[in-house]
Amino acid sequence: MQIIDHALTAQYLPFDALINSLEQMFIGGCEVPLRHNHAIKGTTAAEDGILLLMPAWQVGQRMGVKTVSVFPGNQAKGLPGLHSVFILYDATTGQPLSVLDGDVITSHRTVAASALAARWLSRPDAKKLMVVGAGRVASLLPDAYRCVRDIETVQVWDIRPEAAIAMVERLRAQGIDAHHAVDLEQGVRAADIVTCATLSTAPLVQGAWLQPGAHLDLIGGFTPTMRESDDECFRRGTVFVDTSEALMKAGDILDPIASGAWAPTQLAGTLEDLCRSKHPGRTSADEITVYKAVGTALEDVAAASLAYDAFMAQGAAA
């Protein structure tokens, strides 16, 4: 069984290849049971956490399971809020093939799926990207989006200005025209694409700020208590999700349903529908599109398989 560490997992997950691998996995299909979600009580409420268990498999090919620990209070300790491990197996024999860095798998497949959805949902001429959040996942979004759109400028906002400024400096070092968005509203109003990757429990993006033709991407919240958008975003937007599980788990969706602002019957489609050409995606230049994702183990298996195969091919070549 191969151990693929943080650096190697990232090395073997380039976004152009990963985006295409996810698309092929959504087209081919995968068995994905509902994730197990367990509350972990801390010594104080600020230390409460969540343990997720996420299995998936393709018959006769690969299977895997990811364990994820989510502790939002870690930010105050200078630690990441998420830690995870992924185990990849041969689905025909059950033989363990590899243990990979689950944090890298999660962050890379999350932003790659976001960019994959944007192929259909953002305007083809979208050039201005607004990133809400400056954590590990958010920091990867510009690279992923530049694989599917000709992004010319990137604005970054975070509740911690110093984190946003640090991310802007890293992006500029890569040659990206990046700026700190001091005012969230102004940043959203100026953007073609607004992508949110936070652990917020209160709405950040207001629907009234979205301009005609904007694409809103919500990938941070994955529990009923987490929200990155208000109800107006769902009133105004054509709504897509990564999988139907989002309708059961995401506060961004459950709260508009509870208030009557949006109904599940209004769902336009899933990422699978887009990949399989069951829905054309954006239908007009002025349409506001909303994509809400909670993540799926299908994406984990696709990413882990891509990294493992590349790792083994490199070893064989050497």
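1. Accessible areas here come from the Shrake-Rupley method with a 1.4 Å probe. On that basis, the protein has an accessible surface of about 13200 Å², and carbon and sulfur atoms contribute 55% of it. Please keep in mind as you look around that this is a predicted model.

2. A good place to begin is the overall make-up: there are 11 helices and 16 strands in the protein. Its radius of gyration is 19 Å, close to the 20 Å that the globule rule gives for 318 residues, so the protein is as compact as a globular protein of that length. The C-alpha trace spans about 55 × 45 × 40 Å along its principal axes.

3. Next, the interior. Of the 318 residues, 53% count as buried. Among contacts with a separation of 6 or more, 70% are made by residues 24 or more positions apart.

4. On charge, the protein carries 25 positive and 36 negative charges, and the mean positions of these two groups lie 1 Å apart.

5. For a closer look, try strand β3, residues 49-57, which pairs with strand β2, residues 36-40, in the antiparallel sense over 5 bridges. Within this pairing, Asn-37 has Leu-52 of β3 as its bridge partner.

6. Strand β3 also pairs with strand β4, residues 62-70, again in the antiparallel sense, this time over 8 bridges. Here Leu-53 is matched with Thr-67 of β4 as its bridge partner. The two strands form a hairpin with 4 residues between them. In the turn you will find Gly-60, with a positive phi of about 75 degrees.

Key:
Residues are numbered from 1 along each chain as its sequence is written. This is a predicted model: local features need pLDDT of at least 70, side-chain atom pairs count only at pLDDT 80 or more; totals for chains, interfaces and linings use all residues. Side-chain values use heavy atoms; hydrogens and water are left out. Two strands pair if DSSP finds at least two bridges between them. The radius of gyration is taken over C-alpha atoms; the globule rule is 2.2 Å times the number of residues to the power 0.38. Buried means under 20% relative accessible area, exposed over 50%, partly exposed in between (1.4 Å probe, protein chains only). Contact means heavy atoms within 4.5 Å. Lys and Arg count as positive and Asp and Glu as negative; His and the chain ends are not counted. The place of a charge is taken as NZ of Lys, CZ of Arg, CG of Asp or CD of Glu.
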